[in-house]
Amino acid sequence: MPNPTPSAPFDVSALINDPYGTYARLREAGPVHRFTGPDGRPAWLVTRYEDVRRALADPRMSLDKANASRDNYTGFSLPPALDRNILNMDPPDHTRIRRLVVKAFTPGRVDKLREPVRKVADELLDAVEAEGRTDLLASYAGPLPITVICDLLGVPQDQRPDFRAWTDAMIAPDPARTHLMKEAIGSLMRFFTGLIASKRAAPGDDLLSDLIAVRDGDGGQGADRLSEDELSSLAFLILFAGYENTVHLIANAVLGLLDHPALMESLRANPAGLAAAVEEFMRWDGPSPLAIRRFPLENVEIGGVTVPAGETVLLSIAAANRDPHHFPEPDRLDLNRDRSGHLALGHGIHYCLGAPLARMETETALAALLERFPGLALDVAREELAWRPSVRARGLISLPVRW
């Protein structure tokens, strides 16, 4: 079958300036589009729900960059000490490493963290309540998940640097200051190298100490093991993904409620509905517009389009979650809709490892905020809000509010 050219050529910047309108036009024009990414390299963009869902679980769609053709987009350029994580792996390595950490994120274990997370949320709100206004991203949506994930990994209080600055430099690099991304990656690598060394010297009751014990112990014949690069890369992924996505899930959800006051009052009166509401927030305006890139191991047909082996495939979670063939009136924020099957957390063997934690943190953060600040409102005109200049992440630069 011949490979068509894009049905509707588009400027990739439109995915930042008008993501949902652009995805809607692309979804209507065709299932798969060939385009040039922000790094100048070619990729295929998949936009329709059924195609995205099927491709997410297709074992022929590799995450291993070793299967990428030359000069194709491959994502972040990370050193091996940060790159040997499960977002760059296929089975059996993916299965081996995921098995080592999945127990830390079971719904039962995460539920035990609910009370400590609420305590952190209340303390953050205590710190700003008297001021009557704040940048909610900087003072609440950001610090809450970084506190939780640092506690889980066992990062000491005095060793918690500005992860937001590092992740911003990676997710939304400044074209005029490209050196900042390299500096951020170097800082992250030095941080995790030092953290692992300190945990080796003085293990604690935390996830990272447990992983180091797996790495350093004899484990017995046939036991799952970690290389040194896999250990540091796994720690990086847990912190990076556990922080970055949850920050913007919380902030996007708050903005959604500020834009829909009746829904906000409904949840304030009935906080038991928050768990279901979080699912709709993830579907409607989630923090990850694109799944991690895939590389077909063979020529693969997607939506009637043949994508050659080794080329980069970007699966649009944002477009799929607003596909009207699966979600009626998809652009409407509807807390009562059936949003089962949304793809905000992935699908298949690469389904988000930290999904239970992200759900619980967001639900807890919203519950505390709605309870404490009944007069919550935007502190700037709606059109003044700015989004990060990134196709990889959907997140605000700031969220000024008052109460």
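Me: How many cavities of 30 Å³ or more does the count come to in this structure?

Reply: Two. Bear in mind that we're looking at a predicted model. A cavity is a space where a probe fits but cannot get out. The second largest cavity holds about 180 Å³ of space.

Me: Which residues lie nearest the centre of that second largest cavity, and which elements give two or more residues to its lining?

Reply: Nearest its centre you'll find Y20, G286, P289, A318 and R394, out of 23 lining residues. Helices α1 (14-17), α2 (19-29), α15 (274-285) and α16 are the elements that give two or more residues to the lining. The biggest contributor is α15, with four residues.

Me: How do the residues of that lining divide into nonpolar, polar and charged?

Reply: The lining of the second largest cavity has 15 nonpolar, four polar and four charged residues.

Me: Y20 and R394 came up just now. Which rings do charged groups lie over?

Reply: Here the thing to look for is an Arg or Lys end placed over a ring. R322 puts its charged end over the ring of Y20, 3.6 Å from the ring's centre. R394 lies over the face of W387, at 3.4 Å from the ring centre.

Me: Now pockets. How much space lies in the second largest one, and how many residues line it?

Reply: A pocket, unlike a cavity, is open. The second largest pocket has about 400 Å³ of space. Its lining has 18 residues, and those nearest the centre are A104, R109, L152, D206 and L207.

Me: Which helices supply that pocket's lining, and which gives the most?

Reply: At least two residues each come from α5 (93-101), α7 (114-129), α9 (143-153) and α12 (207-216). Helix α12 gives the most, with four residues. The pocket's lining divides into twelve nonpolar residues, six charged ones and no polar ones.

Me: Since α9 is part of that lining, is the helix mostly covered or mostly open?

Reply: Check how many residues fall under 20% relative accessible area, the cut-off for buried. In α9, nine of the eleven residues are buried, so the helix is mostly covered. The buried ones are L144, P145, I146, T147, V148, I149, C150, L152 and L153. Just after α9 comes G154, with a positive phi near 90°.

Me: What about α13: how far does it reach, and how many of its residues are buried?

Reply: Compare its end-to-end distance with what a helix should span. Helix α13 (residues 228-259) has 32 residues and reaches 47 Å from first C-alpha to last, close to the 46 Å expected at 1.5 Å a residue. It is mostly covered too, as 27 of its 32 residues are buried.

Me: How many aromatic pairs turn up across the whole structure?

Reply: Five. To sort a pair, look at the angle between the ring planes, where over 60 degrees counts as edge-to-face. Y49 and F327 make an edge-to-face pair, with 5.8 Å centre to centre and 90° between the planes. That pair links distant parts of the chain: Y49 is in helix α3 (residues 49-56), while F327 is in the loop between α16 (317-320) and α17 (355-372), 278 residues apart. Y49 is buried, with a relative accessible area of 2%, and F327 counts as buried at 0%. F191 and F192 form another aromatic pair, with centres 5.2 Å apart and planes at 75°, so this one is edge-to-face.

Me: Are F191 and F192 buried or exposed, and which cluster do they belong to?

Reply: Both F191 and F192 are buried. Ring pairs link them with F236 and F240 into a cluster.

Me: What backbone oddities should I look at?

Reply: Most residues other than glycine have a negative phi, and most peptide bonds are trans. In this model, a cis peptide bond joins P91 and P92, with omega about 5°. P92 is in the loop between α4 (80-83) and α5. E329 has a positive phi of about 45° although it is not a glycine.

Me: Where is E329, and is it buried or exposed?

Reply: E329 is in the loop between α16 and α17. It's exposed, with a relative accessible area of 53%.

Me: One last residue: where is I185, and how far is it from T167?

Reply: I185 is in helix α11 (residues 179-201), and it is buried at 10% relative accessible area. I185 and T167 are 18 residues apart in sequence and 8.9 Å apart in space, C-alpha to C-alpha.

Conventions
Residues numbered from 1 in each chain as written. Predicted model: local features only at pLDDT ≥ 70, side-chain atom pairs only at ≥ 80, totals over all residues. Heavy atoms only, no water. Phe/Tyr/Trp six-rings, centres within 6.5 Å; stacked < 30°, edge-to-face > 60°. Buried < 20%, exposed > 50% of the residue type's maximum accessible area, 1.4 Å probe, protein only. Lys NZ or Arg CZ within 6 Å of the ring centre and 35° of its normal. 1 Å grid on protein atoms, 1.4 Å probe; cavity = no way out; pocket = protein on both sides within 12 Å on 5 of 7 lines; lining within 4 Å. Points joined across faces, edges and corners; volume = space filled by probe spheres on them. Nonpolar A, V, L, I, M, F, W, Y, C, P; charged D, E, K, R; others polar. Expected span 1.5 Å × (residues − 1).
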